[in-house]
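Reader: I would like to take a close look at a single part of this model. Could you walk me through it with care, explaining each term as you go?

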Amino acid sequence: MYLTKESEHLVSDTEKQKLIRGLRKLAEDLERGMIPLENLPCLISLSEKDRDGVHAICILSPSQVEASLRAKELLSSLTPRQVAILDRILVGKSAKIIAYELGVSQRTVENHIGTIHRKARTRRLPELLALVYARLP
């Protein structure tokens, strides 16, 4: 990922040249039809300027694209309650604390967590976290 900021340049001249070469190669591959146009949004993530004036361009590997699509698929398949539980898991809360916050039993939360793991095809929390964090903006 290459970041630039209007007030200070975080990318060296060498890195800029590498980025330019990479983007030219990508453009050539697109022109030759080697990359389906529908995959382009997954291959390049170009952010708008944020409050700090930072731009970002990400060129992703096929495995990163696949992981991101899998994460998006998982998140779209979750119920609102499962999303609420997953959000709390992501900030490190235990099933007991989540149950208290949501006004349900700890066992109910654990059942939801099991369902989330089944939908994600994961067995352990680190796998689930890696999947969720693979999602692109």
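Author: What follows is about helix 4 and the residues it meets. This is a predicted model, in which local features need pLDDT of at least 70 and side-chain atom pairs count only at pLDDT 80 or more, while totals for chains, interfaces and linings use all residues. Residues are numbered from 1 along each chain as its sequence is written, and side-chain values use heavy atoms, with hydrogens and water left out.

Helix 4 covers residues 80–90 and packs against helix 6, residues 106–120, at an angle of about 95°, with the two axes 10 Å apart; helices here are DSSP runs of H or I with at least four residues, numbered from the N terminus, and axes are lines fitted to C-alpha atoms over the stretch in contact, with angles running from 0 to 180 degrees between N-to-C directions. Helix 4 is therefore roughly perpendicular to helix 6, a term that applies to angles of 65 to 115 degrees.

On the side of helix 4, the residues that take part are Arg81, Gln82, Ile85, Leu86 and Ile89, and they meet Val109, His112, Ile113, Thr115, Ile116 and Lys119 in helix 6, where contact means heavy atoms within 4.5 Å. Six of the residues in this contact are nonpolar, three are polar and two are charged, with Ala, Val, Leu, Ile, Met, Phe, Trp, Tyr, Cys and Pro counted as nonpolar, Asp, Glu, Lys and Arg as charged, and the others, Gly among them, as polar.

Leu90 also lies in helix 4, and, leaving aside neighbours within four places in sequence, Leu90 is in contact with Leu129, Val132 and Tyr133.

How values were computed: Helices (H or I, at least four residues) and strands (E, at least two) are DSSP runs, numbered from the N terminus. Angles under 35 degrees count as roughly parallel, over 145 as roughly antiparallel, 65 to 115 as roughly perpendicular and the rest as oblique.
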